[in-house]
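Work through the exercises below with the sequence and the model at hand. Each task is followed by a solution in steps.

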Amino acid sequence: MVRVARVRRNSIAADLEIPPGAALVSINGRDLRDSLDLRFYEADAEVVLAVSLPDAQSIVYEIEKHPDESLGLIPELDKVRRCTNACPFCFVKGNPKTTRLRQPLYVKDDDYRLSFMFGHYVTLTNLRDEDWERIFEQSLTPLYVSVHATDPDARLRMLVNPRAALIDEHLDRLSEGSIQVHAQVVLCPGMNDGQILERTVRDLYSRGEDIISLSIVPVGLTDFNSDRGVRALSAEECIESLAVIDAIRERASVELGRAWCYAADEMFLQAGVDLPGPDYFDDHQLVANGVGAVSALISAVRADLPNLPALPGQRIVLVTGTSMRPHLAGLAVEIARCTGASIETVAARNALYGPMVTTAGLLAGADHARALEPHRDCDLALFSRTALNDQDLFLDDLSLQELRRDLPELRILPSEHVTDTLLAL
Ligand code: SF4
């Protein structure tokens, strides 16, 4: 059974007056277990929908529609499948001990449904027989899998779960069921770099089209999980890993016509080398995983430059994380030239997680407030929208509204890539 949270306007469900709170029981005789079932079974031309209304009345709707047309029912959030691993580098363990953060930040999810629907990376260690059956029955492809290492012992040490060693068997099973995979390696020095990384890259590449891509992401640590036997990669270790990645990229470019393996932006930033251009990332499918995000942002800004409004004399401040600042400062010069505005770029220090966390999306509301305080006299302040959730709350539960209330002189706006917001002024 799936509970309706909202109904889209001008949708089939709105026409049928199905109210929020109604329970969706079945479609075409199949019980609905969750939002994935709803999405899967509503994709039909003829839908027989059994609903239990909030007043306990049961109704069966017979609907004819285009198979691609959604019913317009937004379900309540599903209960998330929890992770059964104990990675020493787990981001949940990296949360601060004293400040209470938004609740989802404490959830160790490892949910194959979220992997299919939203690209969350999963480890496959918590799959039951019925989950495997469902993956094949509903053809949940592609899935996003945190492989980390194909060496069973190395993966076992990283995930601290005996089932982690079964990665080869699990990948075989997926490929037998025609499920493709976007693979990921979170690179931890001394655990899965060096020869283990070489083997992982080789093993995954040898699986052919079953593995669509491989992203290599350096481990991200905070002040709170950096004492658990994992340390950050050094610049030299990043450079060595980039060489392993480059070798397979060269081979893949010749054999597949695309590079297949991608280092995350952070790998270049930590190595202290230039970020690659947009061609490095092929089709930019993996931006959400920090792979090509900076390059995509630079491309988006440059595309907007000719259309920017004139803003002569305006004083604008851009808040970002310490790793992005040099790149944003370069773009700010170009934006200033096109608009006539005076633009300053400020790197906010992450006081919530500590200085090892340098991305804009993990800055708290208080970090933004501190960074903006000396710039109260500017006309406009922009910061990355990725620092907010859907309810406009920062990680530390400070709302955008509260930030604005604390700095009333300043117009503060969240932004995707700066120029999108300037174009909408
Ligand atoms: S798999 Fe992810 S959520 Fe689970 S322990 Fe490891 S890092 Fe944490």
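**Exercise 1. A salt bridge between two loops**

Which side chain meets glutamate 409 in a salt bridge? Place both partners in the chain and give their accessibility.

Solution. The model is a predicted one.
Step 1: The partner of glutamate 409 is arginine 376, with an N to O distance of 2.7 Å.
Step 2: Glutamate 409 sits in the loop between α13 (400-406) and β15 (411-415), and arginine 376 in the loop between α12 (365-372) and β14 (380-384), so the pair ties together parts that are 33 residues apart in sequence.
Step 3: Glutamate 409 has a relative accessible area of 47% and is partly exposed. Arginine 376, with 26%, is also partly exposed.

**Exercise 2. Further charged pairs**

How many salt bridges does the structure hold? Describe two other pairs and one network.

Solution.
Step 1: The structure holds 21 salt bridges. Side chains of opposite charge can pair when their charged atoms come close.
Step 2: Arginine 231 pairs with glutamate 237, and their closest N and O atoms are 2.7 Å apart. Arginine 231 is partly exposed at 44% relative accessibility. Glutamate 237 has 16% relative accessibility and counts as buried, because the cut-off for buried is under 20%.
Step 3: Arginine 128 forms a salt bridge with glutamate 130, where the closest N and O atoms are 3.5 Å apart. This pair counts because a salt bridge requires the nitrogen to be within 4 Å of the carboxyl oxygen. Arginine 128 is partly exposed, at 44% relative accessibility, and glutamate 130 is partly exposed at 46%.
Step 4: A network of salt bridges links Arg33, Asp34, Asp37, Asp111, Arg113 and Arg134.

**Exercise 3. Backbone exceptions**

Which two residues does a cis peptide bond join? Then examine two residues with a positive phi.

Solution.
Step 1: Most residues other than glycine have a negative phi, and most peptide bonds are trans.
Step 2: The cis bond joins threonine 141 and proline 142, with omega at about 0°. Proline 142 belongs to the loop between α4 (129-137) and β8 (143-146).
Step 3: Histidine 148 is not a glycine, yet its phi is positive, about 70°. Histidine 148 lies in the loop between β8 and α5 (152-159). With 4% relative accessibility, histidine 148 is buried.
Step 4: Serine 178, not a glycine either, has a positive phi of about 60°. The loop between α6 (167-176) and β9 (181-187) contains serine 178. Serine 178 is exposed, at a relative accessible area of 56%.

**Exercise 4. The ligand shell**

Which residues surround the ligand? Sort the shell by class.

Solution.
Step 1: The ligand is surrounded by Cys83, Asn85, Cys87, Cys90, Phe91, Lys108 and Thr123.
Step 2: The shell has four nonpolar residues, two polar residues and one charged residue. Cysteine goes with the nonpolar class here, because the classification counts Cys, like Phe, as nonpolar.
Step 3: The C-alpha atom of cysteine 87 is 14 Å from that of glycine 190, and the two residues are 103 residues apart along the chain. Glycine 190 lies in the loop between β9 and α7 (194-205). Its relative accessible area is 72%, and glycine 190 is exposed.

**Exercise 5. A loop alanine**

Is alanine 364 buried or exposed? List its contacts.

Solution.
Step 1: Alanine 364 is placed in the loop between β13 (342-347) and α12. With 3% relative accessibility, alanine 364 is buried.
Step 2: Leaving out residues up to four places away in sequence, alanine 364 touches Leu352, Phe394 and Asp396.
Step 3: The C-alpha atoms of alanine 364 and leucine 398 are separated by 7.8 Å, with their positions 34 residues apart along the chain.

**Exercise 6. The whole chain**

How many helices and strands does the protein have? Assess the overall dimensions.

Solution.
Step 1: There are 14 helices and 15 strands in the protein.
Step 2: The radius of gyration is 24 Å, close to the 22 Å that the globule rule gives for 425 residues, so the protein is as compact as a globular protein of that length.
Step 3: The C-alpha trace spans about 65 × 55 × 45 Å along its principal axes.
Step 4: Of the 425 residues, 50% count as buried. The accessible surface is about 20100 Å², and carbon and sulfur atoms hold 50% of that surface.
Step 5: Among contacts with a separation of 6 or more, 69% are between residues 24 or more positions apart.

Conventions
Residues are numbered from 1 along each chain as its sequence is written. This is a predicted model: local features need pLDDT of at least 70, side-chain atom pairs count only at pLDDT 80 or more; totals for chains, interfaces and linings use all residues. Side-chain values use heavy atoms; hydrogens and water are left out. A residue is near a molecule or strand if one of its heavy atoms lies within 4 Å of it. Helices (H or I, at least four residues) and strands (E, at least two) are DSSP runs, numbered from the N terminus. The radius of gyration is taken over C-alpha atoms; the globule rule is 2.2 Å times the number of residues to the power 0.38. Buried means under 20% relative accessible area, exposed over 50%, partly exposed in between (1.4 Å probe, protein chains only). Contact means heavy atoms within 4.5 Å. Accessible areas come from the Shrake-Rupley method with a 1.4 Å probe; for residues, only the protein chains shown count as cover.
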